[in-house]
Amino acid sequence: MRKHTSRMLQAFLGGVAMIGLTASASASEIVWARYGDSDTLDPHASTTTLSMQSWRQIYDTLLAFDESGMPRPNMAKSVEVSEDGMTVVFVLNEGLTCHDGTPFDSADVKYTFDRALSEDKPSITKSAWGPISGVSTPDATTIEVTFEKPFGAFVPFMADPFSSMICDSNEAFGDEFGSTKAVGTGPWKLSEWTKGDRIVLEANETYTNYGHPTENKGRPFADKLIIRTVPEAQTRLAGLKTGELDIIEPPLEDVPSIKDDPSMTLHIAEATGQDVFFEFTISRPPFNDERVRRAVAHAVDVDMALDIGFEGLVQREKCPIAAGVFGNDQDFCAQHLAEYDPEKAKALLAEAGYGPDNPIDVTMMTWTGGGRERILQIFQNQLSQVGIKTEIEIMDIGTLNARVKQENEKTEGKATFDMMGWSWYDPDILYQLWHSPGAYSGYNSPELDAMLEDMRSTVDTEARLEIVKKVNAYLLEKAIHVPLYTPGWMWLYVTSADVEGFTIGAFDQPLLMDVKVAE
Amino acid sequence: MFRYLTHRIGTALLTVWITTIAVAMLIHIVPGDPVQIMYAQSQGTTPEQLEEIRTRLGLNEPIWVQYGMFVSRIVQGDFGQTIRGNQPVLDLLIGRLPNTLLLASVSLVIAALVGVVFGFFAAYKRGTAVDTGLMITALIGVSMPHFWLGLILLFVFAVNLAWLPVAGEDWRSLVLPAITLGVANAGIIARLTRSSMIDILNQDFVRTARAKGLHKGTILYRHVLMAGLIPVVTMLGLQFTYMLGGAIVVENVFAWNGIGRLAIQAIFQRDYPLIQGFILIFACLVVTVSLIMDLLYAVLDPRVRLS
């Protein structure tokens, strides 16, 4: 009896081992594991990076971002903005085809615009499309968009996944669209979506890449792309080691050992537009005083903190709009930024009436993950050296967003400031943050409002650049928005040695057309 | 028996009713404007959109009206749409529930088998080194966090030995999470089985059976094990509900696509309709399992029926 059992056990384990081995990814299949799933495949119903990354695979956009984050022609072979900025004309490439075989023409573009701007069920990013007054289609390849007033952020928006082109054949699917059905024109076709587990995509045989910064201009090299959800970072790393997964987001604490491991490659996203920065509660002392805000900026040695905390995985950022976004100019911003200078910090604090007899005691907040707690601990130490006592509070991003707004609306209570992170494809982010009332009801002033409105309605590139610089200088000099580093979240990827051709496009959008997975 | 039944069912319904109140009020317990918190990460949301959501969720109505609206929607099977992605909440939950039930059931079988065998032998060999060894093992099982045990198993069996996949959705992927969840709970069952068995072994009827000259195996199996299992069976019901909770952690480690993982995600994203739906479904599940266990107990132990 005992012998029999042990033989059965052996047979069982042997069987398990064999199945285990055959389950690894096949040659033409890319398995990409992320911590969470897309909320929806409807580009008008979510704003998360996780969702946008999957739209990028299924849909295409009229324009495409190049490596540096600038919009270039893509599905549209040309884009022309009228001199007054009131009209934008796109001309499509010939022969574009939807995944279901129907031709993609100006009617599909109009369908996408109409759907995003509809009265009853608009896109949740409707405001980002701008003050559009009409969309007309003179012929099958021409689209004319007219505006109530000029909108400078429109052209880059047409390269962002929020403006993914949706084929009008999706209309027939009703509520199924974005859930079980999604017909686009992108490099990958939806095959199956098991929510919370995996999105299975197949190569679009007829795909032509007109504008994305990958070498492959035709259909993706691999046959299949599976985007899996594996919430635990250690499990993702384990899956990469066993060959079950090809591309993963790594656990931050394992990055040093991953760098030394020849069986895997670390990729760092660039031009992400992600800006991690300090902002202050200005509704009460001490941060209603510009000198105290500047003192905080002078007190922290950001370069040193980043060296210790991230060991070269992030870059110092000196502009309120991060690397990859129009108008980002490190040298220009450095002239206006309060750089590390603890003596100056002490002098400013003394001038504002703070010192050993009247110490500053504040709460410093940020959101969980991304190695931010460690950075704040270093800052805490540096701030204490100029006499600013800080208490660190770490919370979920949703809570932090709400808390910052609440703090700004209170006129009493302990002083607070926070390390926040935002990402956008255009300097229009500054309008959303700092034009009154602003995302957090924080700092605002009539002069800043005027500058931001000007920035929004200027379409001429040169003129817009000047205004963007002016806004940056203002925010830096008054220490309203103190930039620290970029990128800040979901910016690291690890591929196994079997993977080649992995590209991360601007704004943290992996492009998988070039990827080949070896046996 | 009838009174026992009605009392149990009444308690179950009362529990569910109290849960609906708690769930409906959930949105108001959290400090700050709930809609603002929910949409804090949506960069493009306008104040008009926020206002529309407030109206849709009935947040501008008096609290008792809100509760009425909530209950009338729930009884019609309308659990609302998720904040993120606008998907029907009930469909999402129902879609994931079978995975969690499967995981918890298989784990329960593992826990029961391992636990009863360990407990029974420990009781039989009580006071010996075998007893001590088994109980220390059980204690280790109870004390080991699911998360840690899961990762250890993952690295040993999936990465080093490559016997099983790291994560997935087929039966092979079920093995490691089920063992993780089962082993941790087996410890509790082993300890309970042991004490229950020892209790029975000291009873008069066992001595009588022995005095009658019954075969040792028959005594142990028919008299001791059967009688000693009654408290264990009730415990299994309780364990099952614990396992549903533990599944939340284990599902995350092994990327098992269950309802627990959905819940974690919903909590982090402040997706109130989804959190509400999860708590309600979970509460109903726990109440149903407890009810079944109470009834089973009554069937197994005549004293319960009569009292």
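**Helix pairs in chain B and an open sheet in chain A**

In this predicted model, helix H1 of chain B (residues 2–29) packs against H12(B) with their axes 10 Å apart and at an angle of about 165 degrees. Angles over 145 degrees count as roughly antiparallel, so H1(B) is roughly antiparallel to H12(B). The crossing of H1(B) past H12(B) is right-handed. By class, the residues of this contact are 19 nonpolar, four polar and two charged.

H12(B), which covers residues 272–300, has another partner to look at: helix H10 of chain B, residues 216–253. The axes of H10(B) and H12(B) come within 8 Å and cross at roughly 170 degrees, which makes this pair roughly antiparallel too. If you would like to trace the contact, the H10(B) side includes Ile230(B), Val233(B), Phe240(B) and Leu244(B), and among the residues on the H12(B) side are Phe278(B), Phe282(B), Val289(B) and Met293(B). The contact of H10(B) with H12(B) has 14 nonpolar and four polar residues, with no charged ones.

Now let's turn to chain A. Here seven strands form an open sheet with mixed pairing, in the order S8-S9-S10-S1-S11-S19-S12. Its edges are S8 (188–194) and S12 (264–268) of chain A, each of which pairs on one side only. Within the sheet, S1(A), residues 29–34, runs parallel to S10(A), residues 224–229, and six bridges join them. Along this pairing, Val31(A) stands opposite Ile226(A).

A helix completes the tour: H2 of chain A (residues 49–58) lies across S1, S8, S9, S10 and S19 of chain A. H2(A) runs at about 165 degrees to S1(A).

Conventions: Residues numbered from 1 in each chain as written. Chains lettered and ligands numbered in written order. Predicted model: local features only at pLDDT ≥ 70, side-chain atom pairs only at ≥ 80, totals over all residues. Heavy atoms only, no water. Axes fitted to C-alpha atoms, helices over the stretch in contact; angles between N-to-C directions. Helix = DSSP H or I, 4+ residues; strand = E, 2+ residues; numbered from the N terminus. Parallel < 35°, antiparallel > 145°, perpendicular 65-115°, else oblique. Contact = heavy atoms within 4.5 Å. Nonpolar A, V, L, I, M, F, W, Y, C, P; charged D, E, K, R; others polar. Left-handed = near helix turned anticlockwise from the far one by under 90°. Pairing = 2+ DSSP bridges.
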